[in-house]
Amino acid sequence: MSPAYQYYFITLLIFFGVNTIACWSLNIQYGVGGVMNFAFIMFQALGAYLGGVLTLGPSTGASFQQYVFGATLPFPLPWIVAAAAGAALAWIVGSFALRPARRDFQAMVMLVVSIIASTVVLTEGWLFNGMNGIAAIPKPFQSRLSLGEIQYGWFYLAMTAIVVLLVYLLVNRLTGSPWGRRLRAMREHPEALSSLGVNIRAESMKVYVLGGALASLSGAILVQFIGAWSPGSWDTGETFLYFVAIIVGGAGNNFGAMLGAALVLGVFEESVRYLPSFGYAGLAEAIQFMLLGVLILAFLWFRPSGLVPERRRRLTRLLPAVGATGGETQTGADRPTAGST
Amino acid sequence: MNQLTLAIGFGLVTSAILALGAVGFTLQFGVSNILNLAYGDVMTVSAFMAYLVNAGGAGIWLAMCAGAATGAVVSVLISTLIFTPFLRRGTSRFAMVMVSLALAVILQNAIQAVAGPAFRSYSRSQGTSLHLLGMILTPYQLVIIGVAAASLLALHLLLRYTRIGKALRATAADAELARSCGIATERVSALAWAISGALCGLAGVTLALNLASFDFHFGNAFLLVIVAAAVFGSVGQPYGAMAGALVIGMASELAAIWTPALKQVVAFVILAVILLIRPAGLWRKSFVQMDVAAR
Amino acid sequence: MEVLVRRLMPGLALLAASTLAVAACGSSSTGGSGSGGSGPMNLGVIYPFTGANADQGAIGMAGCLTGVAAVNAAGGVQGRKFVCKSFDTKGDPADATSAANQMMASASPVMVIGASDDAVTTAPIVTAAGVPNFATIGDPHFDHQTNQYFYRITPSDALQGVALGYWAATHFKRPAAVFTSDLGAQTSVPPLRTKMTALGHKLVADVTLAPGQSSYRTEIAKIIAAKPDALVTEMDPQSAATFLSEYQQLAGHLPIILGTQRTSNSDWIQAVLGAIGQASYVKYVKAITPYVPPGGASHSVYHHWLMTTAGKVQNPAQYDQHPYAIADYDAINITALAMTEAHSTAPAAYNKFIVKVTAATPGAVQVHSYAEGLRALKAGKHIQYVGAGGTLAFNRYHSAERAFSYDNYDPANKSMNPVLVIPGSALNG
């Protein structure tokens, strides 16, 4: 494989790793916890901006960029700070966005917050350099290692893969734990659970904060590889794409989320580059998006649980003495789909 | 000329357009319990249809009627062909948001594919501005305010004093109970979509008139302000939507005196603050009523 | 552990399959090859072709196709023809990165034009592979760049701001600045203000608008109260249409509108024409843009070849005076001439000739097209290529210094045409 192809391949794999972490984050919030985070892309953007300014050094105006919080923190501090900031932002936003009891209303509030954030960042250039965004972000360890482009790419891919593995262990553990079961129950039957004394808002908040941290982490990893970030990268339509990935792949389970990341954010997005261009500029893309909309409707109609449905968790496993008749859960209740509740 | 009274006058125009949009949106929600995020694109389609009528030689009044009719037809179509089947299949309320989002994506890109990226403008004569009570308004703006006021008044009279209006309100409050009382809820529902679709079409045409030139994505860009106004006044409540439109329209014009770049942000922040105090919007204390009704 | 691997297997298999498909697609779509072969040579055209800045892609492609038509008609370079291959950045740094990587991998271009605002991410990828990159990016970030493979053929936003400030200060008594927050507000306005202050003037109003609003009347009322006689502005077409039509309604007429290159694009013209009417447009709308000498030997060659692209480019006449399309066309001619003088199509070999064929060295023959330059080089002379956009003198940062012009609107060809040239000396100091 020629060097250019190798580099392209590495880029796609790193993007896949980043998108996997992002999809797991949204999956925890929406697939498992039932929180429709329509402000998702804002968290990824926060992580990206912080990952950038914390390695760029203080804003001196020399490179014609202005931004806040400039510093040169050693790796992996920018990633850690980004994740922490994501958690903090989620806590702040969740404190009022999670107040309405209806999930679609929560989604609207989060969407509004996301738009407020993008407008403010765009208008107030002192925050993150407005429309032009931040650029020339140094890659971690690049000067010290003095590797070639390709070798450095493999190195960064390896670092990304390690983080993906760590995040996987975390989310897998959590979703299989009793807390995960409680979250799934909360997603399906919030009124029943709240009458049992579970604080729905608090549990939603926990899931929101965790997801926020992971989303910001994914942004930080991405930005230190591509070296730039601007409002063009976090258009509110991007949140929609991530939701599509989860729905197509299968909400509620981590493997489905990863599959969605590969198929929708990887294959579908990249495949457009290979289509022949026809008609006027933009026509091909308009048709592509129309097909995407039709695809989502088709999935929501024919296969709302996604390509990889969540595993049915049989109650019988917990109550062996009761036998096959007692405790057997029905199709609608315990098997969560994108379409129920 | 006092900045404040000027801004109030301009705020009235923005609120009028917003009110048409928000009341239509909230009606659709009231009768189907869905947040229809394809609403903005139906506005765009209606504006384009009105443009075709206008370009064919008709005056702006006829174009407005064409827009309203288009909005009604398209809304009824999407409700019977897309929303109702999904609802019958048992799709959850918040998954319906994804359905309406997908529909919005399809509509907007279809408009783009057919109409192309070029801007369109209605042909109409400008007319001179009128000075009233410290406000400056052009004849067309007065027309817009008048159309909005007339439509909302008509809606109010319909809901309050006619049998159809009562049937609408009954269906919105509790569909099953209404059905068992002998109300043909499906027909009533279709009527509600038609009325709200007409309001949607009117909102689209008046907004396009106000913008002077428009392209395929202007309706979608305005959608979030409409949603904000509707949610502010408790979505599902037409009078709440009118109040929400007034508050948000005024707030953004007044904010423009001090921070023009952030004027829309101010409107959204107001929404967020209201939701902090009253999570179900201004008109309702809590969601309990709504959940019981919406089965 | 096996459970983990078993569950991950299908995903990994899928990923492997898709990347194999990608590699297969990529290799099969490569029409041309790099420098070593004998077939056609690929030129990478990397711009946003979709999204908010999709017009840039159309402009870049028009310039590329025109240049390629001109060069190929003269027989190509060493018998090899050029081919334009487009790649879409979608206006987003992440997509720009994968677009640039895909371009380098699948097309192995010998030269790249692009990527306007996304050049911060794509240029490093292109230049790291040792391929010359001609960019039209206005970000002042590149004003002092030192990479030898990077060339900027259009003026920096900072310079545009200075030109606007100069004209506003010397021609109007009460200029105001109105920009939307998403365009040049941060890069053009500060130099504008600085230049005005240096000339002893100031703005009577300085407003940043939120783009795409349904009404700007309150903001307009405030601006009208300051009684400006000119508005220096850069806005997207939608906001401009709404703003200018409302201004006209409120004030009864418009002040002089002093726009930029962005406001001279055909989509802007079309939107605002519909909003304020042709009479107002002709009377009030002006622009300060990079100067394109009208007529002249180079431009008529450009015009000739531009019209031949009619099948592949929508309405080519709209790019007749467009500095960015012309800049891309010039870049291709320069590349072809540099390759010819270097007797090689390898980027590493011809790169240093790029500055040579455009510099005014003593004894150099001025040429106005590739065909003319080819003849001069064959006769053993040194050449100075004078582009359709005027002479291009690359400074030591590989930025071509360009003049600006004051334009007005010509209803006959629906575009902005230069009336007066602003000399470079006026902008310095």
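## Reading helices, a fold and two interfaces

Author: This is a predicted model. Start with one detail: H12(C) and H15(C) cross with a right-handed turn.

Reader: How many degrees separate two such helices, and how is a pair like this described in general? Which angle do H12(C) and H15(C) cross at?

Author: Two packed helices are described by the angle between their axes and by the distance between those axes. Now the case here. Helix H12 of chain C covers residues 323-342, and helix H15 of chain C covers residues 370-378. Their axes come within 10 Å and cross at roughly 15°. Angles under 35 degrees count as roughly parallel, so H12(C) is roughly parallel to H15(C).

Reader: Which residues of H12(C) and H15(C) meet?

Author: From H12(C) come Asn333(C), Ala336(C), Leu337(C), Thr340(C) and Glu341(C). They meet Tyr370(C), Gly373(C), Leu374(C) and Leu377(C) of H15(C). By class, this contact has five nonpolar, three polar and one charged residues.

Reader: Next, a whole chain. How many helices and strands has chain B?

Author: Chain B has 12 helices and two strands. Read from the N terminus, the order is α-α-α-α-β-β-α-α-α-α-α-α-α-α.

Reader: Why is chain B called as compact as a globular protein of its length?

Author: Compare the radius of gyration with what the globule rule gives. For chain B the radius is 19 Å, and the rule gives 19 Å for 295 residues. The two are close, so chain B is as compact as a globular protein of that length. Along its principal axes, the C-alpha trace of chain B spans about 55 × 45 × 35 Å.

Reader: What share of chain B is buried?

Author: Buried residues are 60% of the 295 in chain B. Look also at sequence separation. Among contacts in chain B with a separation of 6 or more, 75% join residues 24 or more positions apart.

Reader: Now the interfaces. How many residues do chain A and chain B bring to their contact?

Author: Chain A brings 40 residues and chain B brings 38 residues. On the chain A side, helices H4 (103-123), H11 (237-249) and H13 (283-302) give two or more residues each. H4(A) gives the most, with 14 residues. By class, that side of chain A divides into 29 nonpolar, seven polar and four charged residues.

Reader: And which element gives the largest share to the side of chain C that touches chain A?

Author: That is H1(C), with 11 residues. This contact takes 45 residues from chain C and 44 residues from chain A. Other elements of chain C that supply at least two residues include helix H2 (54-73) and strand E2 (82-88). The chain C side has 19 nonpolar, 21 polar and five charged residues.

Technical notes: Residues are numbered from 1 along each chain as its sequence is written. Chains are lettered from A and ligands numbered from 1 in the order in which they are written. This is a predicted model: local features need pLDDT of at least 70, side-chain atom pairs count only at pLDDT 80 or more; totals for chains, interfaces and linings use all residues. Two residues are in contact if their C-beta atoms, placed from the backbone, lie within 7 Å. Helices (H or I, at least four residues) and strands (E, at least two) are DSSP runs, numbered from the N terminus. Ala, Val, Leu, Ile, Met, Phe, Trp, Tyr, Cys and Pro count as nonpolar, Asp, Glu, Lys and Arg as charged, and the others, Gly among them, as polar. Axes are lines fitted to C-alpha atoms, for helices over the stretch in contact, and angles run from 0 to 180 degrees between N-to-C directions. Angles under 35 degrees count as roughly parallel, over 145 as roughly antiparallel, 65 to 115 as roughly perpendicular and the rest as oblique. A crossing is left-handed if the near helix is turned anticlockwise from the far one by less than a right angle, and right-handed if clockwise. The radius of gyration is taken over C-alpha atoms; the globule rule is 2.2 Å times the number of residues to the power 0.38. A residue is buried if 20 or more other C-beta atoms lie within 10 Å of its own, exposed if 12 or fewer, and partly exposed in between; C-beta atoms are placed from the backbone.
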